[in-house]
Amino acid sequence: MTSDSKFQFVKATNVWSGDEGWELLFYYNIYRFGLAIVLVALGTPEFDLLTAEYTNWFPLLSIGGFVVVSIIAVWTIRRRSPAIHIQAHCLFLLDMLFISIVALSHQIHDANIVVFFITTVGATAVMFRTKTALAYSVIAICVIYLRDTLNILSGAADIQELYFTALTGLGLFTIVIIVSRIARRTRVVQMVLEQQEMDLADLDDINQIVVDQLEIGILFLEDDLTVKLINNSAREMLGEYILDSKATGRLADLLKMHLSVPTGKHFSFRHKDRVLSLSTTTMRSGFVVHIEDRTVLSRKIQQTKLSSVGRFASAISHEIRNPLNAINHAAQLVTPDGTSTENKELIEIIRKHVRRIDGVIESVLERSQPGRARQKKIELTPWLQNFIKTFHQTLGQQEINISVTGHPLTIYFDAVQLDQILTNLCQNSIQHNNMPLNELRISFQSGVDQDETPFL
(Lines give C-alpha, C1' and ligand atoms only; values in the text may rest on other atoms or scores of the structure.)
Protein backbone atom coordinates (compact mmCIF):
# COMPACT_ATOMS: atom_id res chain seq x y z
CA MET A 1 0.00 0.00 0.00
CA THR A 2 1.48 3.35 -0.94
CA SER A 3 1.78 6.29 1.41
CA ASP A 4 -0.87 8.16 -0.58
CA SER A 5 -3.43 5.44 0.07
CA LYS A 6 -2.40 4.46 3.59
CA PHE A 7 -2.11 7.93 5.10
CA GLN A 8 -4.89 10.05 3.70
CA PHE A 9 -8.23 11.61 4.46
CA VAL A 10 -11.22 10.34 2.56
CA LYS A 11 -12.35 13.63 1.04
CA ALA A 12 -16.03 12.76 1.03
CA THR A 13 -16.10 12.01 4.75
CA ASN A 14 -13.10 13.89 6.21
CA VAL A 15 -12.09 10.82 8.22
CA TRP A 16 -8.65 9.38 8.74
CA SER A 17 -8.40 6.05 6.87
CA GLY A 18 -6.08 3.05 6.79
CA ASP A 19 -4.87 0.71 9.52
CA GLU A 20 -4.05 3.62 11.82
CA GLY A 21 -7.65 4.87 11.67
CA TRP A 22 -9.06 1.50 12.69
CA GLU A 23 -6.49 1.21 15.45
CA LEU A 24 -7.41 4.64 16.84
CA LEU A 25 -11.10 3.73 16.72
CA PHE A 26 -10.37 0.47 18.57
CA TYR A 27 -8.54 2.25 21.42
CA TYR A 28 -11.25 4.89 21.60
CA ASN A 29 -13.83 2.14 22.06
CA ILE A 30 -11.78 0.78 24.96
CA TYR A 31 -12.01 4.24 26.51
CA ARG A 32 -15.78 4.08 26.00
CA PHE A 33 -15.90 0.91 28.12
CA GLY A 34 -14.06 2.75 30.85
CA LEU A 35 -16.43 5.68 30.52
CA ALA A 36 -19.39 3.31 30.82
CA ILE A 37 -17.97 1.96 34.08
CA VAL A 38 -17.55 5.52 35.39
CA LEU A 39 -21.10 6.46 34.38
CA VAL A 40 -22.49 3.37 36.12
CA ALA A 41 -20.47 4.20 39.22
CA LEU A 42 -21.69 7.81 39.22
CA GLY A 43 -25.26 6.68 38.63
CA THR A 44 -25.28 4.11 41.48
CA PRO A 45 -27.22 6.40 43.85
CA GLU A 46 -30.00 6.55 41.30
CA PHE A 47 -30.51 2.80 41.56
CA ASP A 48 -31.21 3.17 45.25
CA LEU A 49 -33.81 5.87 44.58
CA LEU A 50 -35.76 3.86 42.02
CA THR A 51 -39.19 3.29 43.62
CA ALA A 52 -42.77 3.33 42.48
CA GLU A 53 -42.87 7.07 43.12
CA TYR A 54 -39.44 7.81 41.54
CA THR A 55 -39.25 6.76 37.94
CA ASN A 56 -36.28 8.73 36.49
CA TRP A 57 -35.16 5.80 34.39
CA PHE A 58 -34.00 7.71 31.31
CA PRO A 59 -30.38 8.52 32.34
CA LEU A 60 -29.81 4.98 33.50
CA LEU A 61 -31.26 3.55 30.29
CA SER A 62 -28.98 5.81 28.29
CA ILE A 63 -25.99 4.43 30.20
CA GLY A 64 -27.14 0.90 29.42
CA GLY A 65 -27.49 1.78 25.77
CA PHE A 66 -24.00 3.26 25.87
CA VAL A 67 -22.64 -0.09 27.09
CA VAL A 68 -24.53 -2.05 24.44
CA VAL A 69 -23.24 0.19 21.65
CA SER A 70 -19.69 -0.25 22.95
CA ILE A 71 -20.04 -4.02 22.81
CA ILE A 72 -21.44 -3.93 19.28
CA ALA A 73 -18.62 -1.58 18.22
CA VAL A 74 -16.05 -4.19 19.21
CA TRP A 75 -17.49 -6.57 16.63
CA THR A 76 -17.95 -3.99 13.86
CA ILE A 77 -14.45 -2.54 14.30
CA ARG A 78 -12.94 -6.00 14.14
CA ARG A 79 -14.90 -6.77 10.96
CA ARG A 80 -14.02 -3.32 9.57
CA SER A 81 -17.54 -3.07 8.31
CA PRO A 82 -19.33 -0.75 7.77
CA ALA A 83 -16.77 1.79 6.55
CA ILE A 84 -14.63 3.59 9.07
CA HIS A 85 -16.16 7.03 8.46
CA ILE A 86 -19.65 5.63 9.16
CA GLN A 87 -18.58 3.92 12.39
CA ALA A 88 -16.56 6.92 13.57
CA HIS A 89 -19.42 9.40 13.09
CA CYS A 90 -21.93 7.01 14.65
CA LEU A 91 -19.81 6.43 17.75
CA PHE A 92 -18.96 10.10 18.28
CA LEU A 93 -22.54 11.29 17.74
CA LEU A 94 -23.92 8.62 20.08
CA ASP A 95 -21.30 9.53 22.67
CA MET A 96 -22.27 13.20 22.43
CA LEU A 97 -25.92 12.17 22.81
CA PHE A 98 -25.26 9.95 25.85
CA ILE A 99 -23.12 12.55 27.58
CA SER A 100 -25.73 15.23 26.84
CA ILE A 101 -28.49 13.08 28.35
CA VAL A 102 -26.46 12.45 31.47
CA ALA A 103 -25.52 16.13 31.67
CA LEU A 104 -29.09 17.36 31.35
CA SER A 105 -30.29 14.84 33.94
CA HIS A 106 -28.31 16.74 36.60
CA GLN A 107 -26.95 13.50 38.02
CA ILE A 108 -23.26 14.16 37.33
CA HIS A 109 -21.11 17.10 38.42
CA ASP A 110 -20.37 19.76 35.82
CA ALA A 111 -16.61 19.12 35.98
CA ASN A 112 -17.09 15.48 35.03
CA ILE A 113 -19.27 16.45 32.06
CA VAL A 114 -16.56 18.80 30.80
CA VAL A 115 -13.95 16.04 31.09
CA PHE A 116 -16.13 13.63 29.10
CA PHE A 117 -16.71 16.21 26.40
CA ILE A 118 -13.01 17.10 26.22
CA THR A 119 -12.07 13.45 25.69
CA THR A 120 -14.63 12.91 22.95
CA VAL A 121 -13.90 16.19 21.19
CA GLY A 122 -10.16 15.45 21.40
CA ALA A 123 -10.76 12.08 19.74
CA THR A 124 -12.65 13.75 16.91
CA ALA A 125 -9.69 16.13 16.45
CA VAL A 126 -7.44 13.09 15.95
CA MET A 127 -9.77 11.22 13.60
CA PHE A 128 -11.24 14.08 11.54
CA ARG A 129 -10.19 17.32 9.97
CA THR A 130 -10.11 20.43 12.13
CA LYS A 131 -13.41 21.79 10.77
CA THR A 132 -15.27 18.56 11.58
CA ALA A 133 -13.77 18.41 15.09
CA LEU A 134 -14.76 22.05 15.69
CA ALA A 135 -18.33 21.17 14.73
CA TYR A 136 -18.37 18.47 17.43
CA SER A 137 -16.94 20.94 19.94
CA VAL A 138 -19.79 23.36 19.10
CA ILE A 139 -22.28 20.60 19.95
CA ALA A 140 -20.55 20.04 23.29
CA ILE A 141 -20.54 23.79 24.08
CA CYS A 142 -24.23 24.06 23.25
CA VAL A 143 -25.05 21.18 25.62
CA ILE A 144 -23.00 22.74 28.41
CA TYR A 145 -24.60 26.16 27.75
CA LEU A 146 -28.09 24.61 27.75
CA ARG A 147 -27.42 22.89 31.06
CA ASP A 148 -26.09 26.05 32.67
CA THR A 149 -29.06 28.07 31.33
CA LEU A 150 -31.51 25.57 32.81
CA ASN A 151 -29.65 25.75 36.13
CA ILE A 152 -29.88 29.54 36.09
CA LEU A 153 -33.60 29.49 35.24
CA SER A 154 -34.29 27.01 38.01
CA GLY A 155 -32.32 29.07 40.48
CA ALA A 156 -29.71 26.35 41.00
CA ALA A 157 -26.94 28.52 39.60
CA ASP A 158 -25.93 32.14 39.28
CA ILE A 159 -25.79 34.17 36.04
CA GLN A 160 -22.04 34.29 36.46
CA GLU A 161 -22.02 30.57 35.63
CA LEU A 162 -22.24 31.58 31.96
CA TYR A 163 -18.81 33.19 32.32
CA PHE A 164 -17.33 29.79 33.12
CA THR A 165 -19.33 28.33 30.22
CA ALA A 166 -17.62 30.74 27.84
CA LEU A 167 -14.22 29.78 29.26
CA THR A 168 -15.10 26.12 28.81
CA GLY A 169 -16.05 26.72 25.17
CA LEU A 170 -12.82 28.60 24.55
CA GLY A 171 -10.89 25.75 26.14
CA LEU A 172 -12.63 23.17 23.94
CA PHE A 173 -11.85 25.17 20.80
CA THR A 174 -8.21 25.52 21.89
CA ILE A 175 -7.92 21.80 22.62
CA VAL A 176 -9.38 20.90 19.22
CA ILE A 177 -6.96 23.17 17.37
CA ILE A 178 -3.90 22.00 19.34
CA VAL A 179 -4.75 18.28 19.12
CA SER A 180 -5.62 18.62 15.44
CA ARG A 181 -2.27 20.29 14.69
CA ILE A 182 -0.36 17.66 16.67
CA ALA A 183 -2.27 14.84 14.95
CA ARG A 184 -1.61 16.38 11.53
CA ARG A 185 2.11 16.68 12.24
CA THR A 186 2.13 13.10 13.51
CA ARG A 187 0.52 11.96 10.27
CA VAL A 188 3.09 13.86 8.24
CA VAL A 189 5.89 12.22 10.22
CA GLN A 190 4.27 8.82 9.67
CA MET A 191 3.99 9.52 5.96
CA VAL A 192 7.66 10.49 5.79
CA LEU A 193 8.71 7.42 7.76
CA GLU A 194 6.61 5.13 5.61
CA GLN A 195 8.01 6.70 2.45
CA GLN A 196 11.53 6.28 3.80
CA GLU A 197 10.81 2.65 4.67
CA MET A 198 9.57 2.03 1.13
CA ASP A 199 12.60 3.83 -0.31
CA LEU A 200 14.91 1.72 1.84
CA ALA A 201 13.06 -1.42 0.77
CA ASP A 202 13.48 -0.37 -2.86
CA LEU A 203 17.18 0.27 -2.26
CA ASP A 204 17.50 -3.16 -0.67
CA ASP A 205 15.85 -4.71 -3.73
CA ILE A 206 18.13 -2.74 -6.05
CA ASN A 207 21.19 -3.75 -4.03
CA GLN A 208 20.12 -7.39 -4.15
CA ILE A 209 19.63 -7.20 -7.93
CA VAL A 210 23.05 -5.58 -8.40
CA VAL A 211 24.77 -8.04 -6.05
CA ASP A 212 23.11 -10.98 -7.79
CA GLN A 213 24.71 -9.92 -11.06
CA LEU A 214 28.22 -10.31 -9.61
CA GLU A 215 30.16 -13.46 -10.43
CA ILE A 216 31.97 -13.27 -7.10
CA GLY A 217 29.99 -14.55 -4.11
CA ILE A 218 28.86 -11.95 -1.55
CA LEU A 219 27.70 -12.95 1.93
CA PHE A 220 26.74 -10.46 4.67
CA LEU A 221 26.58 -12.12 8.09
CA GLU A 222 25.76 -10.92 11.59
CA ASP A 223 28.12 -11.78 14.42
CA ASP A 224 26.08 -14.92 15.19
CA LEU A 225 26.50 -16.01 11.53
CA THR A 226 22.91 -15.16 10.60
CA VAL A 227 22.71 -14.35 6.89
CA LYS A 228 21.45 -10.84 6.18
CA LEU A 229 22.32 -10.82 2.47
CA ILE A 230 23.48 -13.46 0.01
CA ASN A 231 23.73 -13.32 -3.77
CA ASN A 232 23.07 -16.09 -6.26
CA SER A 233 26.77 -16.85 -6.79
CA ALA A 234 27.38 -17.39 -3.06
CA ARG A 235 24.23 -19.49 -2.72
CA GLU A 236 25.28 -21.67 -5.65
CA MET A 237 28.85 -22.10 -4.37
CA LEU A 238 28.08 -22.76 -0.69
CA GLY A 239 24.96 -24.89 -1.09
CA GLU A 240 24.29 -26.92 2.06
CA TYR A 241 26.50 -24.65 4.18
CA ILE A 242 23.64 -22.07 4.30
CA LEU A 243 20.63 -23.52 6.11
CA ASP A 244 17.64 -21.53 7.39
CA SER A 245 19.49 -18.25 6.68
CA LYS A 246 22.43 -19.25 8.84
CA ALA A 247 25.99 -20.37 8.09
CA THR A 248 26.45 -23.95 9.30
CA GLY A 249 28.84 -26.88 9.17
CA ARG A 250 32.42 -26.50 8.09
CA LEU A 251 31.84 -22.97 6.79
CA ALA A 252 30.67 -21.80 10.24
CA ASP A 253 33.69 -23.41 11.93
CA LEU A 254 36.11 -21.82 9.48
CA LEU A 255 34.50 -18.38 9.83
CA LYS A 256 34.59 -18.52 13.64
CA MET A 257 38.22 -19.64 13.60
CA HIS A 258 39.20 -17.01 11.04
CA LEU A 259 37.42 -14.14 12.80
CA SER A 260 39.09 -15.00 16.10
CA VAL A 261 42.52 -14.47 14.54
CA PRO A 262 43.35 -10.77 13.99
CA THR A 263 46.00 -11.38 11.35
CA GLY A 264 45.24 -12.49 7.82
CA LYS A 265 42.13 -11.75 5.83
CA HIS A 266 42.10 -14.55 3.26
CA PHE A 267 41.52 -18.28 3.65
CA SER A 268 40.24 -21.08 1.48
CA PHE A 269 38.70 -24.55 1.72
CA ARG A 270 37.68 -27.30 -0.64
CA HIS A 271 34.00 -27.94 -1.27
CA LYS A 272 33.24 -30.90 -3.52
CA ASP A 273 35.23 -30.30 -6.70
CA ARG A 274 35.86 -26.64 -5.97
CA VAL A 275 38.47 -24.66 -4.08
CA LEU A 276 36.76 -21.61 -2.57
CA SER A 277 38.79 -18.60 -1.50
CA LEU A 278 37.18 -16.41 1.17
CA SER A 279 38.06 -12.97 2.52
CA THR A 280 36.23 -11.01 5.22
CA THR A 281 35.59 -7.33 5.85
CA THR A 282 34.38 -6.34 9.32
CA MET A 283 31.35 -4.01 9.48
CA ARG A 284 29.54 -2.32 12.39
CA SER A 285 26.80 -4.94 12.65
CA GLY A 286 28.58 -7.97 11.19
CA PHE A 287 31.00 -8.77 8.41
CA VAL A 288 31.05 -9.23 4.65
CA VAL A 289 32.48 -12.41 3.13
CA HIS A 290 33.80 -12.32 -0.44
CA ILE A 291 33.82 -15.78 -2.03
CA GLU A 292 35.79 -16.64 -5.15
CA ASP A 293 35.82 -19.97 -6.95
CA ARG A 294 39.49 -20.76 -7.54
CA THR A 295 38.60 -23.53 -9.96
CA VAL A 296 36.94 -20.98 -12.22
CA LEU A 297 40.02 -18.76 -11.92
CA SER A 298 42.27 -21.72 -12.73
CA ARG A 299 40.10 -22.52 -15.73
CA LYS A 300 40.43 -18.96 -16.94
CA ILE A 301 44.20 -19.09 -16.46
CA GLN A 302 44.29 -22.36 -18.40
CA GLN A 303 42.26 -20.82 -21.18
CA THR A 304 44.66 -17.88 -21.24
CA LYS A 305 47.60 -20.26 -21.49
CA LEU A 306 45.93 -22.19 -24.29
CA SER A 307 45.20 -18.96 -26.07
CA SER A 308 48.87 -17.98 -25.75
CA VAL A 309 49.94 -21.40 -27.02
CA GLY A 310 47.51 -21.03 -29.88
CA ARG A 311 48.91 -17.66 -30.85
CA PHE A 312 52.45 -19.05 -30.59
CA ALA A 313 51.51 -22.17 -32.59
CA SER A 314 49.81 -20.07 -35.23
CA ALA A 315 52.91 -17.93 -35.52
CA ILE A 316 55.30 -20.86 -36.05
CA SER A 317 53.02 -23.42 -37.75
CA HIS A 318 53.67 -21.88 -41.15
CA GLU A 319 57.44 -22.01 -40.57
CA ILE A 320 57.28 -25.65 -39.43
CA ARG A 321 54.86 -26.92 -42.05
CA ASN A 322 56.89 -25.58 -44.95
CA PRO A 323 59.93 -27.79 -44.13
CA LEU A 324 57.62 -30.72 -43.37
CA ASN A 325 55.96 -30.40 -46.75
CA ALA A 326 59.39 -30.27 -48.38
CA ILE A 327 60.49 -33.44 -46.51
CA ASN A 328 57.26 -35.21 -47.44
CA HIS A 329 57.62 -34.19 -51.09
CA ALA A 330 61.25 -35.31 -51.19
CA ALA A 331 60.29 -38.67 -49.70
CA GLN A 332 57.79 -39.16 -52.49
CA LEU A 333 60.41 -38.30 -55.14
CA VAL A 334 63.00 -40.76 -53.81
CA THR A 335 60.65 -43.73 -54.08
CA PRO A 336 61.44 -45.24 -57.51
CA ASP A 337 60.09 -48.62 -58.43
CA GLY A 338 63.49 -50.28 -58.03
CA THR A 339 63.95 -49.20 -54.41
CA SER A 340 64.42 -52.06 -52.02
CA THR A 341 61.64 -53.08 -49.66
CA GLU A 342 63.68 -51.96 -46.65
CA ASN A 343 64.19 -48.48 -48.10
CA LYS A 344 60.50 -48.23 -48.95
CA GLU A 345 59.65 -48.99 -45.32
CA LEU A 346 62.05 -46.32 -44.10
CA ILE A 347 60.62 -43.77 -46.53
CA GLU A 348 57.10 -44.67 -45.38
CA ILE A 349 58.19 -44.15 -41.78
CA ILE A 350 59.47 -40.68 -42.73
CA ARG A 351 56.20 -39.77 -44.40
CA LYS A 352 54.14 -41.21 -41.57
CA HIS A 353 55.93 -39.18 -38.91
CA VAL A 354 55.76 -36.08 -41.07
CA ARG A 355 51.98 -36.52 -41.06
CA ARG A 356 52.11 -37.11 -37.31
CA ILE A 357 54.02 -33.86 -36.69
CA ASP A 358 51.53 -32.05 -38.87
CA GLY A 359 48.70 -33.58 -36.84
CA VAL A 360 50.35 -32.48 -33.59
CA ILE A 361 50.55 -28.91 -34.85
CA GLU A 362 46.91 -29.04 -35.90
CA SER A 363 45.92 -30.46 -32.48
CA VAL A 364 47.78 -27.70 -30.64
CA LEU A 365 45.99 -25.11 -32.73
CA GLU A 366 42.64 -26.73 -32.01
CA ARG A 367 43.25 -27.08 -28.26
CA SER A 368 44.02 -23.38 -28.06
CA GLN A 369 40.36 -22.89 -29.05
CA PRO A 370 38.27 -24.96 -26.54
CA GLY A 371 35.35 -26.90 -27.89
CA ARG A 372 36.89 -27.73 -31.27
CA ALA A 373 38.27 -31.19 -30.50
CA ARG A 374 37.53 -33.59 -33.36
CA GLN A 375 35.92 -36.63 -31.80
CA LYS A 376 35.46 -39.67 -33.97
CA LYS A 377 34.52 -43.30 -33.56
CA ILE A 378 37.52 -45.44 -32.54
CA GLU A 379 37.69 -49.21 -32.17
CA LEU A 380 40.08 -49.13 -29.25
CA THR A 381 41.86 -52.52 -29.44
CA PRO A 382 42.98 -52.35 -33.12
CA TRP A 383 43.78 -48.65 -32.67
CA LEU A 384 46.06 -49.50 -29.71
CA GLN A 385 47.80 -52.25 -31.67
CA ASN A 386 48.51 -49.77 -34.48
CA PHE A 387 49.74 -47.22 -31.91
CA ILE A 388 52.15 -49.77 -30.41
CA LYS A 389 53.56 -50.52 -33.85
CA THR A 390 54.08 -46.82 -34.58
CA PHE A 391 55.60 -46.18 -31.15
CA HIS A 392 58.12 -49.01 -31.68
CA GLN A 393 59.22 -47.31 -34.87
CA THR A 394 60.13 -44.16 -32.89
CA LEU A 395 62.45 -46.26 -30.69
CA GLY A 396 64.65 -47.41 -33.58
CA GLN A 397 66.45 -50.67 -32.78
CA GLN A 398 65.19 -50.79 -29.18
CA GLU A 399 62.32 -53.11 -28.27
CA ILE A 400 60.10 -53.13 -25.18
CA ASN A 401 57.22 -55.34 -24.17
CA ILE A 402 53.89 -53.49 -24.74
CA SER A 403 50.68 -55.51 -24.43
CA VAL A 404 46.95 -54.87 -24.81
CA THR A 405 44.38 -56.65 -22.59
CA GLY A 406 40.76 -56.17 -21.62
CA HIS A 407 37.46 -56.01 -23.41
CA PRO A 408 37.15 -54.48 -26.89
CA LEU A 409 35.63 -51.00 -26.71
CA THR A 410 34.18 -48.51 -29.16
CA ILE A 411 34.85 -44.96 -28.00
CA TYR A 412 34.47 -41.41 -29.28
CA PHE A 413 37.66 -39.41 -28.84
CA ASP A 414 40.09 -37.12 -30.64
CA ALA A 415 42.54 -39.59 -32.14
CA VAL A 416 45.42 -37.08 -32.33
CA GLN A 417 45.05 -36.09 -28.68
CA LEU A 418 44.77 -39.73 -27.59
CA ASP A 419 47.96 -40.48 -29.53
CA GLN A 420 49.77 -37.61 -27.76
CA ILE A 421 48.57 -38.69 -24.32
CA LEU A 422 49.66 -42.31 -24.71
CA THR A 423 52.97 -41.31 -26.34
CA ASN A 424 53.79 -39.08 -23.34
CA LEU A 425 52.87 -41.83 -20.88
CA CYS A 426 54.99 -44.43 -22.67
CA GLN A 427 57.98 -42.10 -22.97
CA ASN A 428 57.73 -41.21 -19.28
CA SER A 429 57.68 -44.90 -18.34
CA ILE A 430 60.86 -45.43 -20.37
CA GLN A 431 62.71 -42.38 -19.07
CA HIS A 432 61.81 -42.58 -15.38
CA ASN A 433 62.87 -46.10 -14.37
CA ASN A 434 66.11 -47.92 -13.52
CA MET A 435 65.54 -51.21 -15.31
CA PRO A 436 66.80 -52.32 -18.75
CA LEU A 437 64.38 -51.84 -21.62
CA ASN A 438 64.09 -55.57 -22.25
CA GLU A 439 62.72 -55.99 -18.72
CA LEU A 440 60.27 -53.08 -18.95
CA ARG A 441 56.59 -54.02 -19.28
CA ILE A 442 53.91 -51.55 -20.45
CA SER A 443 50.32 -52.77 -20.40
CA PHE A 444 47.17 -51.19 -21.83
CA GLN A 445 44.02 -52.47 -20.16
CA SER A 446 40.58 -51.41 -21.32
CA GLY A 447 37.18 -51.98 -19.74
CA VAL A 448 33.98 -50.46 -18.36
CA ASP A 449 33.38 -49.11 -14.80
CA GLN A 450 30.35 -49.97 -12.68
CA ASP A 451 28.61 -46.84 -13.99
CA GLU A 452 29.30 -48.06 -17.56
CA THR A 453 32.01 -45.45 -18.16
CA PRO A 454 34.78 -46.75 -20.42
CA PHE A 455 38.36 -46.57 -19.10
CA LEU A 456 41.85 -47.17 -20.42
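## The sheet and its edges

Two strands count as paired if DSSP finds at least two bridges between them. Keep that in mind for this predicted model, where β7 and β8 (residues 274-282) run antiparallel and are joined by six bridges. Pick R270, for instance, and its bridge partner in β8 turns out to be V275.

Zooming out, that pair belongs to an open sheet of five strands, ordered β4-β3-β9-β8-β7, with antiparallel pairing. β4 (227-230) and β7 (266-271) sit at the edges with a single partner strand each, so one side of each has no neighbour in the sheet. On average, neighbouring strands here are turned by 25° against each other, ignoring direction. Helix α10 (residues 249-259) packs on the sheet and touches β3 (217-221), β7, β8 and β9 (287-293). The direction of α10 makes about 165° with that of β7.

## Helix α14

Helix α14 covers residues 415-431, which is 17 residues. From first C-alpha to last it reaches 24 Å, close to the 24 Å expected at 1.5 Å a residue. At the N-terminal end, D414 acts as the cap, with a side-chain oxygen 3.0 Å from the backbone nitrogen of V416.

As for burial, the list for α14 is A415, Q417, L418, D419, Q420, L422, T423, C426 and I430.

## N29 and the cysteines

Over in helix α2 (residues 19-42) you'll find N29. N29 counts as buried because its relative accessibility is 2%, under the 20% cut-off. Leaving out residues up to four places away in sequence, N29 touches S70, A73, V74 and I77.

How many disulfides does the structure hold? Zero. Two cysteines are partly exposed: C90 at 42% relative accessibility and C142 at 45%.

Notes:
Residues numbered from 1 in each chain as written. Predicted model: local features only at pLDDT ≥ 70, side-chain atom pairs only at ≥ 80, totals over all residues. Heavy atoms only, no water. Helix = DSSP H or I, 4+ residues; strand = E, 2+ residues; numbered from the N terminus. Expected span 1.5 Å × (residues − 1). Buried < 20%, exposed > 50% of the residue type's maximum accessible area, 1.4 Å probe, protein only. Polar contact = N/O pair within 3.5 Å; in protein donor to acceptor, adjacent residues only side chain to side chain. Disulfide = S-S within 2.5 Å. Contact = heavy atoms within 4.5 Å. Axes fitted to C-alpha atoms, helices over the stretch in contact; angles between N-to-C directions.
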